[in-house]
Structure formats: structure tokens, C-alpha cells
Amino acid sequence: MTWERVAFGVLGPVVAEGDGGALALKGPRHRAVLARLIVARRRVVPVARLVEDLWDEPPAGAVGAVQTFVGALRRALEPDRPPRTRARLLVTEGPGYALRAAPDAVDAWRFEAAVGAAATLPPTAALRRLGEALELWRGPAYAEFEAEPWTRAERSRLAELRLRAVEQRAETLLALGRPAEAVPDLNAHLTDHPWREDAWRLLALALYRADRQADALSALRRARTTLTTHLGLDPGPRLRRLEADILAQDPALEAPPGMIAPACGEPSPTPPLPEPGAPPRTPLGLRPSPRPGRCPAPRRGPAPGSRLGLAREATTDSGPAPSSGPPPGPPPTAEATTRAAPEEPPGAAARVWAEAADVYGRTVGGGARARLEAAVGLIRNLAVTGGDGLEAARQHRLAAITAAEECGDPELTARVIGAYDVPAIWTRGDDPELAARIVGAAERALAALPSPPEGSAARCRLLATIALESRGTRSPRGPEAAREAEGIARRLDDPALLVFALNGAFMQACTRAGLAPRRDAIGAELVAVAARHGLVTYEVLGHLVRLQARCALGDFAAADGHAAVADRLAARHELPLVGVFTEWYAALRLAAAGRTARAEAAYRAAAGRLAGAGMPGVERGLLPLALLCLRLSGGERSAREAADRGVAPGAGGGVDLGAARGADPSAGRSTDLDAGQGADPGTGLGVDLGADWGTNLGAGRGAAPGADRSTDPGAGQGADPGAGLGVDLGVGRSADPSAGQGADPGADRSTDPGAGLGVGPSTDQGIDPSTDRSADPGADRGIDPSAGRGVGLGADLGVDLDADWGPYRPWAEPFALPAEKARAALRALPEPPADLLYEALCCLEAAAALRLGDRDALHRAHARLLPASGQLAGAGSGLLTLGPVDRHLSAIAAALGPRPRG
């Protein structure tokens, strides 16, 4: 049994089951720990909180007891996990534990998702979904812990959802013209819950439609008696109005017309958007993996490469709940002060929605394909809500594509696929399997469409979709599709098509290191085109793209400006996911400034906001990766040294603040948001090539042809055999390369090119091993204590392989494993994915190789990083950084030594 196959039940006594049936969870406190983690919904529960919740008066060994309970639960939940490997389900993270159950692995989560989904489905499908949801209940939620304070809010919430589901099911039966079937359940429902006026209304209406007028009036009078006798209240206006309508035998009370016809004209009453296939479940709903050709089952909770949640505005501009505002971080510009958009009266919005939906339902034929295309518009707008809405949009999108393909019309399929043009900022997908299926459908539609020489809007949208959904892969089809889509959009001179195609081009601009200038140019064009044509969400996308690119280029003044504008637009147009990225950027700024403790706190806060945002492609593994980069890059010590040398904190040398010379600190760092277009990639960075970089930056390191190289008289003259690498191995190396490793931490580090990279003896790793890690109980875990001198070389970094590293685990292992295993892990590293963290992962490989003395890995990392010379490693993500790439290149070159002459 694998951990992915475990299901949990809390709608009744707390249970867990795997392929073979129920799992042995031992005693009541073991179950209490499991229940408490499920209540937290995949979030971390600190050990201190667990102790507080489990005992009224905690015993002396309470923390140890919790660890024992967790260990036993891990053995029960993952019996096949090899010894000393990290847990995948019940994980250690930060100050406590989290249960990383699949979004559909807990019956309560599935119940909530099903009830929410039923409200959007046609009556037949809704009735089936509600019936399945109600069957999940085996008794009161968290039955054996009903007296515990920590279950009270969740039990109350789930109970209310269940009552609403019972009433929703009855309303659905009425909509289907089956009132008699609703009566028994409503009678039983009201016996236990006699104060629910809506249930009385439904019962009376069901009786009336079942030709039982007298019983309907009797039910309303019982409701009046119950309310006045026990609560001293008169019935509400809906009950009073229903009583008057029944007495008048109002025709509006009659059952509605028959069922809606299906989407493509078939006679059977199937919903317009077919539900994903659902294989049989076990009692707790454990579902086998989806079979080929079937849509994966809908999942709920934190879960396209992280859509911004920005809908296309070519025809409309809609948005979700208001943003919570700009995150804490660097001092905002004046533009960062935003005003919340005025709230519309909720009643008016609900009325307009209901009336428009009613008119549409009566006007557009049930079999009209316009319904399918309109549904895609709703799905696209659903994506802007983030969280559950984003996940639901993803799944319904595939259902819509499937329905369109079943109609056998490639043009309809192309329109359905291309209509989902939600801007995307993150270059790693959330669901690779789903993305591959969408790409396959787009390729089939392309093959079936005519291909005019100048292209067509439908073809452009299909190609842009392929480019977007192929992000993070190394398939040549992605860049090829992006180029063709951009060419068609420019020939057709369609702004909406162009911004969509540029989004695809951005996704394919991470295929190697050093492409930040290319992404910056894309972002600038997005901003210009979108602002000119009122495409607000793509304007926001452009600012976020430029924020990332200017970070990579070290131009934080411009990045701050783009963050402020993005936050202001997000607040005005209700785009809540934008703040997730700007809050991570604020943490990056603290890290780049060398404020390690504050940066770590900011990263943890940003991770909390990211949880539940519906972007697992961003979320998984990001927090531990960011903390590793923070500790590895040198933190506060690097900042102090940088300040002593008059260079930008965290920049590692060469970034001239001007402060030491009395110049304007912002000199050379343009705040013009359009700066840098077509200019030298280093323009506006304030890079002082005369600063003590410890390397010869002018020696052919890929700088722009016009860059000032006057500080290197011998550049390009072949004087140094290492000139092709742009590294002057003679600079600052008159002393022993190991000199200074035990010296004053504030000393000039030009004699140690690896300082701050975690190279050299563990006494001088370039970081403060004690930096603010007391709150992380797992900080020093993941090391083999029996390995003696083979203890993991990253013990000082607090690398915990029990944490959820997600896709970044291979790059963490060399820092946590004993030496021999670390070398094997280093040799097994693949090339990083083609995404915004490419340079960061290459630098992690280099840092591990420096510690382990692996020359092959050093050569490999050097070749991959060289195109990014002059940039900040990882900062192109807008989320984290490992400092200047040049510092890493210098350390690699110093370790490899000079190349033989001749």
C-alpha cells in the first residue's frame, strides 16, 4: 500500500483505510493526533498546540509522547516506507506536523466539495452528487471527539453543511418534478431540526405539488405553531407568501417544465458538462487511479502552472473576492498605496445574476452549443477566485473540452480550448497529467482545422495553449508553438491574441540560464499592449513578469515599482492571487538585503498565504527550498561584509551603492518601469566593474557588447588561460585558497571565492549556523546520527528530508545525506526543469559539488550558469535568491584551478 492510497473518515468515528481495509490506529490519543491534523486541513499544527489540545494538564513528557504517537501513525499510514526515508503523508514541517492527505482523501473534504459542485450542476447530476455526498456520513462528525474544543467549530460547520445538503437535495427533487420523493426525508429532517424555516417551505411545496393541498397548509400551520410557541416568532416572509399562494392556488407553484436537453442534441438528459468518470469507491471513497481516456476525479483544496487568477478582458473583466492588500516588505512607493474597490450591494448582484441566468436558460435552447461556450466563460472566470475555484475550474475545463470533442466539431473544440486564456505567471504546472491531456486535445484540433497561410485566431489560441501547458518541460514543441502563435498574433494585429501568445512565449523563455532580459522584454510589451487596450489582467501579468526579470538583473528599484503597480491594480480589480506573489517578493527583498531572521519569518508568513491558494505547482517544496537558499547564501554575515565594502546587501560585490562615495544611493538604478528595453542587460543595475568582485568580470563572460570593460585592460587578449571563463584566477589568490576560513567574519572575503556558498570546512560555511532556527523542531533532522564522520555535509543548514520538498528534494539530498550517499545523489541529479528556478537549482548543485569536491558536477554547473553571469541566481523567480551568479562561478573556477595553457 502506498501513501497515496490512504483515505480518512471523520464523518462519524475517525478511521483510516488502505487497499486492504481499515488501518490500525492504536489508542485514542493516536486518533486524536490524526483528527487534529485533519481539522487543520493540510496546514502545520505546532507541537505545542498538539500538546495543549491533547491534555488539559500536559505531563512532563508530553512532547515526547506526541512524537511517539506520530511515529506510530506513520508506521500505520505508510507501512511500506523504507527505514530512514522521509515520510510523505504525515510530515514534519517547521515547528510541527502536517497531514499531506490528497485533496479527495478525507470524506469531509469530499463531502464539502460535492455539495459545492452540486450547486453548479444540472438537476439530474446534482441529485446524484448530493446523494453520494450524504451517504458519506456514518454518524456525527469526529464522533469520539465531540467534547473537544478543537473540534467544535469544524463539527458545527460540517453539520450545517449537511443540513443544507439535505434541503438542497429536496429542492433538486422538486426541480425534477419528483415532489413525493422529497416528502419523507423532509419530514425526518424537520423532526430533528424544527427551527429550519426553509425546510418547512420545501415540505409544504412538495406536498402541494404532490396534490396534497390540505397537508401542505397543515405543514405551514405546524411551522407557525412551532415558531410562535417555542421561540415567540412569526414565520418569515417566504413562509407567509407560500401560504397565501397555496390558498390562492397560484399557477407559479406548479412544477417547472421537463428536463433540459443535452449539450450536443442527444436525446438523453445528460448534463451539458459531463462529470469526470468516477470509478467505484471503497466505504471511505478510496478511488483507483484514473484510467486512460477518463477525466481525473475532481479534487478539493490546495492544488494552471499557477494561474494568476486573471480572466481575459477582451469582452469582460470580472474578478473574485477583494485582495487583502499589499504584503509587508520593502518600503512601498507612493503607487503602492491602494484603495479598496467599493462593494456592490450583495442583494443587487445576486438579483442581477439570478435574473440573467433565468433569461439565458429560457432563451438559449438546451441543446445549443452556445451553452457549452458560455460555460467555458464561467469556468475561466471561476479560475480567478484561486483556491477551490481554481481547482474546480481546472477540472471543469477538461470536462468542457471532452464534451466539445464528443460533438465532433473541431472548430467548437478549438473555441472551447482557446477561450480559457487565463494569464499565468509560474512556469511549473500544477497538474502535468491534466496539462498533457489538454495539449493532446489541442493538437488534435489543430490537425483537423484548416491552416490558412496567414493563420487564424483559432489556430493562434490553440498554439498559445500548447505553449502554456508545455511549460517546465523540455519538449521542443513548446517553444515551437510559442513562436508560431506569436507570429500569427502579430500578423492578425489582434491585441487580445498577442497578449495570450506573449504569455506562451514567456512560459518558454526559461529553457536555459540567463534569459531574464528576454523575459523582461516580453513583460514590457505585455504592459504596453495591455495598458493601451484595457486588458487589465495582462497588464498585471506584465508587471509581475518584469518584477521577476528586474530581480534577476539586480534592479530592485524597478522591481519595487512593478510590485507596487501590480498590487494597486489587483486591489482595484479584485485579483487576490497577485498578493501571493508580491508577498513572496517582499521576503526575497529581505533575503537579498541580508536580513536573515526577518526574511525567514517573512518566508514562513508568505508560505501560509500560499497554502490553499490553489497553486500546488508553486507551493510544493517552495518554503524549505527558500530557507535552504537563505541559509546557504550567507545571510546577515554576507550583508555585513557587503556593507563594509560599500556594495548592495546580498549582491555579493560589484553592485555600487554609491554610498561610500557620497553619490546618490539610487544612481544607475532606473525606476522607469519601461527602462531596459533593448538596452544592455546590465543597464540600470548600478554594476561597478571596478569593485572587488574577486573575478575578472570583463574577460568575455557574456556581457553586452557595449558594456564598460575599461577596468580590465587585458580583457580578451588571451593573457589569462581562464579568460574564456571570464575568471581571473590570480585576483585575490595570492594567499592560500583556504586562508581566512577561520578569520574575522567581517574580513574581506576576496581571498575565498567560495565564502557565502557553503564551501570549505563546516566552521566557515558562509552562514551563521545558529541563525534563527530555534523554532524549527526539524531543523537538524534528516542526518544519519550513526554515520559518524559521514554525517551529512549540510548539517549546518538544517536540511530536513522529512519536510515536503516536492520536486526539489533531489537538490536537497546532497546537503543532508552522509558523504557517500550525498555523492551518489549529486551524480544522479538531472538537469533542472526549464522554469524560473533553473539558475537557483544549478547553484545548489554547484554548492553541493564544492562541498563534496565533485569536479564533473562543477564543470557541468559552470557551463550551465555561465550565460547568467552578472545576474542574481534564483531571483528571476521573484521568490528567492542565492546571490550573484558570478560569486558561484568564481568559487567553481577557484576549485577547479587554472586550465592548462596551450
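## Exercises on a predicted chain

The accessible surface of the chain comes to about 36,400 Å², and 55% of that area belongs to carbon and sulfur atoms. Accessible areas come from the Shrake-Rupley method with a 1.4 Å probe, and for residues only the protein chains shown count as cover. The model is predicted: local features need pLDDT of at least 70, side-chain atom pairs count only at pLDDT 80 or more, and totals for chains, interfaces and linings use all residues. Residues are numbered from 1 along each chain as its sequence is written, and side-chain values use heavy atoms, with hydrogens and water left out.

### Exercise 1. The chain as a whole

State how many helices and strands the chain has, and what percentage of its residues count as buried.

Solution. Step one: the secondary structure comprises 31 helices and 6 strands. Helices (H or I, at least four residues) and strands (E, at least two) are DSSP runs, numbered from the N terminus. Step two: 56% of the 902 residues count as buried. Buried means under 20% relative accessible area, exposed over 50%, and partly exposed in between (1.4 Å probe, protein chains only).

### Exercise 2. The sheet of β1, β2 and β3

Determine the order of the strands in this sheet and identify its edge strands.

Solution. Step one: β1 (residues 7-9) and β2 (residues 15-18) run antiparallel and are joined by 3 bridges. Two strands pair if DSSP finds at least two bridges between them. Within this pair, phenylalanine 8 stands opposite alanine 16 in β2. The hairpin of β1 and β2 has 5 residues between the strands, and glycine 12 takes a positive phi near 140 degrees there.

Step two: β2 is joined to β3 (residues 21-22) by 2 bridges, again in an antiparallel arrangement. Glutamate 17 has alanine 22 in β3 as its bridge partner. A hairpin through 2 residues connects β2 to β3.

Step three: the result is an open sheet of 3 strands in the order β1-β2-β3. Its edge strands are β1 and β3, each of which pairs on one side only.

### Exercise 3. The sheet of β4, β6 and β5

Explain why one side of β4 and one side of β5 are left without a neighbour in the sheet.

Solution. Step one: this open sheet of 3 strands has the order β4-β6-β5, with antiparallel pairing. Step two: β4 (45-46) and β5 (90-93) stand at the edges with a single partner strand each, so one side of each has no neighbour in the sheet.

Step three: the pairings can be followed by residue. Between β4 and β6 (residues 96-99) there are 2 bridges, and proline 46 has glycine 96 in β6 as its bridge partner. Between β5 and β6 there are 4 bridges, and glutamate 93 is likewise partnered with glycine 96 in β6. In the hairpin of β5 and β6, with 2 residues between the strands, glycine 94 takes a positive phi near 55 degrees.

### Exercise 4. The two sides of helix α15

Describe where the buried residues of α15 lie around the helix axis.

Solution. Step one: helix α15 (residues 432-448) has 17 residues and reaches 24 Å from its first C-alpha to its last, close to the 24 Å expected at 1.5 Å a residue. The expected span is 1.5 Å times one less than the number of residues. Step two: its buried residues are Leu434, Ala435, Ile438, Val439, Ala441, Ala442, Ala445 and Leu446. Step three: they cover an arc of only 165 degrees around the axis, which puts them on the same side of α15. The arc is that of the directions from the helix axis to the C-beta atoms. Step four: Pro432 and Ala447 are exposed on the other side of α15.

### Exercise 5. Salt bridges

Find which parts of the chain the salt bridge of glutamate 831 and arginine 474 ties together.

Solution. Step one: the structure holds 42 salt bridges. A salt bridge is a side-chain nitrogen of Lys or Arg within 4 Å of a carboxyl oxygen of Asp or Glu. Step two: in the bridge of glutamate 831 with arginine 474, the closest N and O atoms are 3.5 Å apart. Step three: glutamate 831 lies in the loop between α28 (819-827) and α29 (838-852) and arginine 474 in the loop between α16 (457-469) and α17 (477-492), so the pair ties together parts that are 357 residues apart in sequence. Step four: glutamate 831 is partly exposed at 36% relative accessible area, and arginine 474 is partly exposed at 40%.
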